Structure formats: C-alpha cells, structure tokens
Amino acid sequence: MGMHKVYLGLGSNLGEREETIRKAIAMIEEKVGLVIRQSSLIETEPWGFESGNKFLNGVVLCETDLSTRQVLRTTQAIERALGRTSKTATALHSQPIAKKYSDRPIDIDILLYDDLNINEPDLKIPHPLMYERDFVMIPLKEIQ
C-alpha cells in the first residue's frame with residue numbers, strides 16, 4: 001500500500017499553546033506518519049465563539065499509510081492524551097452530538113487526504129469549513 005498525503009490543521013488556545021502544538025506534532029509524527037512540511041504558527045481570534053484566549057493555529061503535511069478512519073481515531077486519541085475532552089462524547093455514541101466550539105488545549109482536524117472526498121456523519125474530507133477559515137487557509141497555502 002502506498003503512502004498518502006494528509007494535511008492536518010492544529011489549533012490551541014489554552015495553556016502553553018506553542019508547547020502543546022509541538023507535542024501534538026511530535027505525537028502525529030510518531031503515530032500518523034512523517035511530517036514533511038510544517039507551516040508557521042499564526043495567532044488568531046476564536047472562530048464561532050467568544051473567548052479572551054487567542055488561538056495559535058498551524059497546518060502540517062504528513063505522509064501516512066493509515067486509512068482516513070485510522071487517522072481520525074489516532075488524532076482524536078492524541079487530542080485526548082493532550083487534555084482535550086469535548087470530542088470524546090462523539091466517539092461514545094453513534095449519534096453525532098452538536099459540537100459546540102469552546103476553549104481547548106488542542107484541536108486536530110483532518111483537512112485534506114490525497115484527493116479524496118468523504119462525506120460521512122463524523123468524517124468529512126475536505127474539511128467542510130476550511131475554506132471560510134483564514135486560520136486554516138493561510139497556513140495551508142504556505143505549505144501546499
């Protein structure tokens with residue numbers, strides 16, 4: 001099986017943001033695959049909710065032999081390991097819950113996976129909101 005290119009968006013607005021993103025990237029490299037490009041980190045206002053905590057956002061390009069589902073499970077496990085709690089409910093119930101945006105130590109989104117188009121309740125690739133989010137598109141364009 002060949003290698004796949006997956007772009008992952010990273011965001012953090014709680015705690016040691018840069019440190020958390022660095023740890024997330026190290027864990028992605030260990031569990032998902034080689035990180036071959038990494039954008040600079042940009043500081044952005046929260047999107048979709050009010051918070052005094054600004055986000056640091058970046059994008060990495062990873063080479064992986066994992067399937068889209070395996071990447072999803074792995075990145076969710078990394079989020080949990082780094083202290084993210086709000087996404088776990090989706091994994092426990094087959095019904096996707098309404099995900100409210102909130103402060104979080106780490107957020108990892110699958111943006112692109114090769115040229116695949118996937119539209120399932122809990123997995124949409126390309127990420128459906130990425131084109132309206134500068135905090136995704138600016139770092140993505142930097143490394144594409």
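## The main nonpolar core

In this predicted model, the largest nonpolar core holds 25 residues, and those with the most contacts inside it are V6, L8, L10, I28, V71, I108 and I110. The elements that give two or more residues to this core are strand 1 (4–12), helix 1 (17–31), strand 4 (55–64), helix 2 (68–81), strand 5 (107–113) and strand 7 (123–125). Of these contributions, the largest share comes from helix 1, which supplies five residues.

L10 offers a useful point from which to look at these surroundings. Leaving out residues up to four places away in sequence, L10 touches A24, I25 and I28, then L56, N57, G58 and V60, and also I106, D107 and I108. Apart from the largest core lies another one, made of twelve residues, among them Y7, V59, L111 and F135.

## The chain as a whole

The chain contains four helices and seven strands, and their order along the sequence follows the pattern β-α-β-β-β-α-α-β-β-β-α. Of the 144 residues in the chain, 46% are buried. The accessible surface comes to about 7900 Å², and carbon and sulfur atoms account for 50% of that area.

How much of the contact network joins residues at least 24 apart? When contacts between residues at least 6 apart in sequence are considered, 71% of them join residues at least 24 apart.

## Strand 4 and its partners

Strand 4 is mostly covered, since nine of its ten residues are buried, and this strand pairs with strand 1, with strand 2 and with strand 3. Strand 1 runs antiparallel to strand 4 and is joined to it by nine bridges; within this pairing, K5 stands opposite E63. Strand 2 (residues 33–38) also pairs with strand 4 in the antiparallel sense, here over five bridges, and the partner of L34 in strand 4 is again E63. E63 is therefore a bridge partner of K5 and of L34, where a bridge is one of those that DSSP finds between strands.

The pairing of strand 3 with strand 4 is likewise antiparallel and extends over three bridges. As background to such pairings, side chains in a regular strand alternate between the two faces of the sheet.

## The surroundings of T44

T44 is found in strand 3, which covers residues 42–44, and this residue stands opposite F55 in strand 4. Is T44 buried or exposed? Its relative accessible area is 12%, so T44 counts as buried, because that class takes in residues under 20%.

Its side chain makes a polar contact with the side chain of N57, at 2.7 Å. Once neighbours within four places in sequence are set aside, T44 is in contact with K54, F55, N57 and F135. Two of these residues appear elsewhere in this account: N57 is among the residues that L10 touches, and F135 belongs to the core of twelve residues.

## Backbone details in two loops

Two places in the backbone deserve a separate look. A cis peptide bond joins I125 and P126, with omega of about -5°, and P126 is found in the loop between strand 7 and helix 4 (134–143).

The other place is D114, which is found in the loop between strand 5 and strand 6 (118–120). Although D114 is not a glycine, it has a positive phi of about 45°. With a relative accessible area of 33%, D114 is partly exposed.

Note on methods. Residues numbered from 1 in each chain as written. Predicted model: local features only at pLDDT ≥ 70, side-chain atom pairs only at ≥ 80, totals over all residues. Heavy atoms only, no water. Buried < 20%, exposed > 50% of the residue type's maximum accessible area, 1.4 Å probe, protein only. Contact = heavy atoms within 4.5 Å. Areas by Shrake-Rupley, 256 points an atom, 1.4 Å probe, with all protein chains shown as cover. Core = buried A, V, L, I, M, F, W, Y, C linked by side-chain atoms within 4.5 Å. Polar contact = N/O pair within 3.5 Å; in protein donor to acceptor, adjacent residues only side chain to side chain. Pairing = 2+ DSSP bridges.
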